[in-house]
Amino acid sequence: MEVIVFLGIQGSGKGTQAKLLSDRLQYQHINIGDLFRTHIKSKTPIGLEVNEIIKAGELVSDDIVFEMISESYSKEAKGIIFDGFPRTMKQAEYLLQHFDVRRVYYLNLSEAEAIKRISGRLICSNCGLDYNVNSSAPKVANICDKCGAALKVRPDDKPIAIRKRMKEFYRQTYLLKDIFHSLLCEINADKEVPEVYQSILTDYLK
Ligand code: AMP
């Protein structure tokens, strides 16, 4: 089963691009952060265990992440797109041992631009849909287009947590570019969504 990975700093557009590519290829899209948020909302044992860690902007332990991966991926899927996994060296090794990775897209965006983007980010408190007041604003301010619930700032997008998450990104995830160097395609993410997507698709189809 073919696997594609999206790496990039918070706010680089991994989620948006992974969704576009997974819709196009009909691959399963796995976003570990979303899976954790669902667990937290449903107050499952995993949700209760990771809630404070995520709120503080820290990384969840590799073992819990591996549990999430093995319970979420479908063996019948045509392919899988991982977004937000791997984030540590141990996770990268796990990925290479268990899956046939075809390509790793590294979405390159400066920290300053990432912070600017994140400052506009909102999430639906009910269905979890993402918005950005600068680029994908809801039709009515602070109300979800899909379910009508209130929008809120993700707790881990608040300034202290986001600084911590970015620090972790440079400390642990950025280094993974080396382990994946032969599979890596670096994409300039400082452009509009369709342009970034086109660069990814052009590479994928070549
Ligand atoms: P995200 O929405 O992808 O930024 O993920 C939200 C949070 O979930 C992260 O800040 C981490 O606390 C946790 N998380 C998501 N993916 C991973 C991962 N691969 N390894 C460890 N923690 C993760």
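**Salt bridges in the predicted model**

K177 comes out as buried, with a relative accessibility of 15%. That value earns the label because buried means under 20% relative accessible area. The structure is a predicted model, and K177 is a handy way into its charged pairs. The side chain of K177 meets that of E186 in a salt bridge, with 3.4 Å from N to O. E186 sits at 41% relative accessibility, so this residue counts as partly exposed. The pair thus joins a buried lysine to a partly exposed glutamate.

Why do such pairs turn up at all? Side chains of opposite charge can pair when their charged atoms come close. In this model, the tally of salt bridges comes to 15.

Another of these links ties R37 to D34, with an N to O distance of 2.8 Å between their side chains. Both belong to helix α2, which covers residues 32-41, and because they are three residues apart there, about one helical turn separates them. As for exposure, R37 has 22% relative accessibility and so counts as partly exposed. D34, at 35%, is also placed in the partly exposed class.

Then there is D156, whose side chain forms a salt bridge with that of R165 at 3.8 Å, N to O. Are these two residues buried or exposed? D156 and R165 are both buried. Their story doesn't stop at a single pair, though: D156 and R165 also belong to a network of salt bridges that takes in R121, R154 and D157.

Methods. Residues numbered from 1 in each chain as written. Predicted model: local features only at pLDDT ≥ 70, side-chain atom pairs only at ≥ 80, totals over all residues. Heavy atoms only, no water. Salt bridge = Lys/Arg side-chain N within 4 Å of Asp/Glu carboxyl O. Helix = DSSP H or I, 4+ residues; strand = E, 2+ residues; numbered from the N terminus. Buried < 20%, exposed > 50% of the residue type's maximum accessible area, 1.4 Å probe, protein only.
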